[in-house]
2 protein chains.
Amino acid sequence: MSVFTPVPESALAHWLKDYAIGRLVELKGISAGVQNSNFFVTTTLGRYVLTLFEGMSRAELPYYLHLMAHLARHGLPVPGPIANLHNEYLGTLQERPAALVVRLSGASEMAPGVEHCARVGAMLAGLHLAGQSYGRRQPNPRGPEWRLATAQAVRDFLPTDERTLLDAEIAFQSAQALANLPAGAIHADLFRDNVLWDTDADGSVHIGGVIDFYFAGHDALLFDVAVTVNDWCSLPDGGLDGTRCTALLAAYHAERPFTAAERAAWPGQLRAAALRFWLSRAADFHLPRAGEMVLVKDPNEYRDILRLRIADTPPLPL
Amino acid sequence: MSVFTPVPESALAHWLKDYAIGRLVELKGISAGVQNSNFFVTTTLGRYVLTLFEGMSRAELPYYLHLMAHLARHGLPVPGPIANLHNEYLGTLQERPAALVVRLSGASEMAPGVEHCARVGAMLAGLHLAGQSYGRRQPNPRGPEWRLATAQAVRDFLPTDERTLLDAEIAFQSAQALANLPAGAIHADLFRDNVLWDTDADGSVHIGGVIDFYFAGHDALLFDVAVTVNDWCSLPDGGLDGTRCTALLAAYHAERPFTAAERAAWPGQLRAAALRFWLSRAADFHLPRAGEMVLVKDPNEYRDILRLRIADTPPLPL
């Protein structure tokens, strides 16, 4: 989230006349984030987040917005999109596709403990269970085909040792049989900054929000678990913290038990998830597209995670 | 809300397996209320309210539940119902129709000031605007036909002066032309105990929830405004507090301007709204149905409000 397209208050006040949420009280840009323009919007009737979609095709947005609506109405803390007076979630503001969603409360926890990881595991299982009845389908935009194409695009920019690592990993991943893994709608980007923790009156914390579904798609559920574990359960050097890892996976398993095929595929999916983020960061680094406004993150972090997952091949600890 | 049907934790824990909201942590009966059995339900993934519908027909419940879902997804603080893994809002628990809804935060304000009334007026307009695109239709269960039938049923129990008042009011209401009033989905019971006020970090309050939609139906929007004004803006003797009344109506009018037909109909609709609650309370008092569990409220309060509205005939103060 960030602000790439400014929105004048007068333009928003006019736009809000198409909604039933009262008058604009406050508009405030959100500075975090890498992809879209985001704002906190307070009206006389409530608090919302406004997103202007930057460089995303309008055709793919209904999949994300309806998925968020689907998960929210299944009781999960996902920001449901707000329908306007014409019953539409998606509008146009400042010549961008734009949507309002519910503003959830809480803040990210960048140094999660065992309890956080257990709660995230249970929440991820809840998202997967609810997602099974979601009627729309759109492929994971960072799935196997994208990984193959992106590997081709970046490999010539890499030093020899990384090119060798990449070629070997692409060959390994192409040989994996994934068709028998349970699949469905996955978040695919459930990093620590996309979970908001809210504090109860007694001081305990719970998940107040799971945000940023704009990398979601249909794919193996286990891939989503692997993405989540690689971010939530890694040590500073990229190695897995066994305690946090077990806590997350056990909590997930209690809600949606892993299948035999998933146990077998686990070490490979941890690698696939690491590869996906190494590739996207390497592409952002080596192939910045003119006019594209993206915060470039360090590709080496996920190169190192990939190397460690190959060396470790950790089994599913359950 | 109240508890007429107990729910064992084991039965609820089993029932929740059909939802994606995790495991049962706490179940607590809610003692307030007059009609259904209600419980606070906390799970590992969130906080909800469980309602067991007592003596309501299963066929009429989807209208209410989908209306709540519709208003919630239009950005209003209405408790959205929770869908289960089969995408259904309505289930069966302890042999009753049952539903989970989002638990909203806040507490009722039984001594509202001018600012509360203004916020309620704006919120009611938001509900009416969003309700215009609601696709289902069910008549107001306490509309003109019900009022006529209930007047017939209770009149012989009333002392002479009340019977005269009732007969005259029924005749007056029957002569009113209501067809040209804007209509739509109305709450029809927006009393002070059905609005939850939540406190912001800076100490200011906002409406955190509008609850109990189980008297909702399709009727004149102005009738809903009149029900709301009679409760929120009455003095202890039943007379209208002009300042609160103007604040509520002006805030409503700013969002959805009153039409000329509504200005003309206003004094009569205030009387119709008073009549409706006098009648239901008189029926509960004089005609208690065997086995029906209803908290009987004082019918005289609304008899007096009706008398005062007839004496005052207050115009729309805008």
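**The contact between chains A and B**

A salt bridge links A:Glu255 to B:Arg23, with the closest N and O atoms 3.2 Å apart. The model is a predicted one, and in it the count of salt bridges between chain B and chain A comes to two. Polar contacts add to the picture: 16 residue pairs across chain B and chain A are in polar contact, both residues being at pLDDT 80 or more.

On the chain B side, the elements that put two or more residues against chain A are α2 (61–73), α3 (114–131) and α7 (242–255). It is α3(B) that gives the most to this side, with six residues. Sorted by class, the side of chain B that touches chain A holds 16 nonpolar, nine polar and four charged residues.

As for the extent of the contact, chain B brings 29 residues to it and chain A brings 29 residues. About 2300 Å² is buried between the two chains, and carbon and sulfur atoms account for 48% of that area. A trio stands out here: B:Leu45, B:Arg73 and B:His74 supply 25% of the area that chain B buries against chain A, more than any other three residues.

Turning to a single residue of chain B, B:Glu162 sits in helix α5, which spans residues 160–174 of that chain. B:Glu162 counts as buried because its relative accessible area, 8%, falls under the 20% cut-off. Leaving aside residues up to four places away in sequence, B:Glu162 touches B:Trp278, B:Asn300, B:Arg303 and B:Arg307.

Technical notes. Residues are numbered from 1 along each chain as its sequence is written. Chains are lettered from A and ligands numbered from 1 in the order in which they are written. This is a predicted model: local features need pLDDT of at least 70, side-chain atom pairs count only at pLDDT 80 or more; totals for chains, interfaces and linings use all residues. Side-chain values use heavy atoms; hydrogens and water are left out. Helices (H or I, at least four residues) and strands (E, at least two) are DSSP runs, numbered from the N terminus. Buried means under 20% relative accessible area, exposed over 50%, partly exposed in between (1.4 Å probe, protein chains only). Contact means heavy atoms within 4.5 Å. Buried area is the accessible area (1.4 Å probe) that two parts lose on being put together, summed over both. A salt bridge is a side-chain nitrogen of Lys or Arg within 4 Å of a carboxyl oxygen of Asp or Glu. A polar contact is a pair of N or O atoms within 3.5 Å; within protein, one must be able to donate a hydrogen and the other to accept it, and residues adjacent in sequence count only if both atoms are side-chain atoms. Ala, Val, Leu, Ile, Met, Phe, Trp, Tyr, Cys and Pro count as nonpolar, Asp, Glu, Lys and Arg as charged, and the others, Gly among them, as polar.
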